[in-house]
Amino acid sequence: MKDYQKQLEKLRTDAAECRLICDLATDPAKRELFDRLSLHLTTLADQVELAMKQ
């Protein structure tokens, strides 16, 4: 279970970093890319968390 918790924390951290890069990016293509990455990683983290509760 600790491994899952570690992975969950890593996904959340990576999502937050992507969001920060998205907010700081001046290139629209990079902004869009990091926005999509942030949303995807957040979704994955939510799914892992849901699976852990079941």
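Leaving aside neighbours within four places in sequence, Ser38 is in contact with Ala15, Cys18 and Arg19, where contact means heavy atoms within 4.5 Å. I begin with this residue, colleagues, and shall work outwards from it. The structure is a predicted model, in which local features need pLDDT of at least 70, side-chain atom pairs count only at pLDDT 80 or more, and totals for chains, interfaces and linings use all residues. Residues are numbered from 1 along each chain as its sequence is written, and side-chain values use heavy atoms, with hydrogens and water left out.

Ser38 is found in helix α2. Helices here are DSSP runs of H or I with at least four residues, strands are runs of E with at least two, and both are numbered from the N terminus. Is Ser38 buried or exposed? Ser38 has a relative accessible area of 5% and is buried. On this scale, buried means under 20% relative accessible area, exposed means over 50%, and partly exposed lies in between, with a 1.4 Å probe and protein chains only. Looking back from the other side, Ala15 touches Ser38, Leu41 and Thr42, not counting residues up to four places away in sequence.

Let me turn to the overall architecture. The protein chain has 2 helices and 0 strands. Its radius of gyration is 13 Å, well over the 10 Å that the globule rule gives for 54 residues, so the chain is more spread out than a compact globule. That radius is taken over C-alpha atoms, and the globule rule is 2.2 Å times the number of residues to the power 0.38. Along the principal axes, the C-alpha atoms fill a box of roughly 40 × 15 × 10 Å. Of the 54 residues, 20% count as buried. Among contacts with a separation of 6 or more, 59% are between residues 24 or more positions apart.

Now the helices themselves. α1 has 23 residues and reaches 33 Å from its first C-alpha to its last, close to the 33 Å expected at 1.5 Å a residue. The expected span is 1.5 Å times one less than the number of residues. Helix α2, residues 28–53, has 26 residues and reaches 38 Å, close to the 38 Å expected. At the N-terminal end of α2, Asp27 acts as a cap, with a side-chain oxygen 3.1 Å from the backbone nitrogen of Ala29. A polar contact of this kind is a pair of N or O atoms within 3.5 Å; within protein, one must be able to donate a hydrogen and the other to accept it, and residues adjacent in sequence count only if both atoms are side-chain atoms.

Which residues of α1 are buried? They are Leu8, Leu11, Ala15, Cys18 and Cys22, and they pack against α2. In α2, the buried residues are Phe34, Ser38, Leu41, Ala45 and Met52, and what covers them includes α1.

The largest nonpolar core has 9 residues: Leu8, Leu11, Ala15, Cys18, Cys22, Phe34, Leu41, Ala45 and Met52. The elements that give two or more residues to this core are α1 and α2, and α1 gives the most, with 5 residues. A nonpolar core is a set of buried Ala, Val, Leu, Ile, Met, Phe, Trp, Tyr and Cys residues joined through side-chain atoms within 4.5 Å.

I come next to charge pairing. A search of the whole structure finds 6 salt bridges, each a side-chain nitrogen of Lys or Arg within 4 Å of a carboxyl oxygen of Asp or Glu. In one of these, the side chains of Asp14 and Lys10 meet at 2.9 Å, N to O. Both residues lie in helix α1, 4 residues apart, about one turn of the helix. An α-helix has 3.6 residues a turn, so residues three or four places apart point the same way. Lys10 is partly exposed, at 45% relative accessible area.

Arg19 and Asp23 also form a salt bridge, at 3.8 Å, and they too lie 4 residues apart in α1. Arg19 counts as partly exposed at 29% relative accessibility, whereas Asp23 counts as exposed at 53%. In helix α2, Arg36 and Glu32 are 4 residues apart, and their side chains meet in a salt bridge at 3.8 Å. Salt bridges that share partners join Arg12, Asp46 and Glu49 into one network.

I close with Leu33, which lies in helix α2 and is partly exposed, with a relative accessible area of 37%. Leu33 and Gln5 are 28 residues apart in sequence and 26 Å apart in space, C-alpha to C-alpha.
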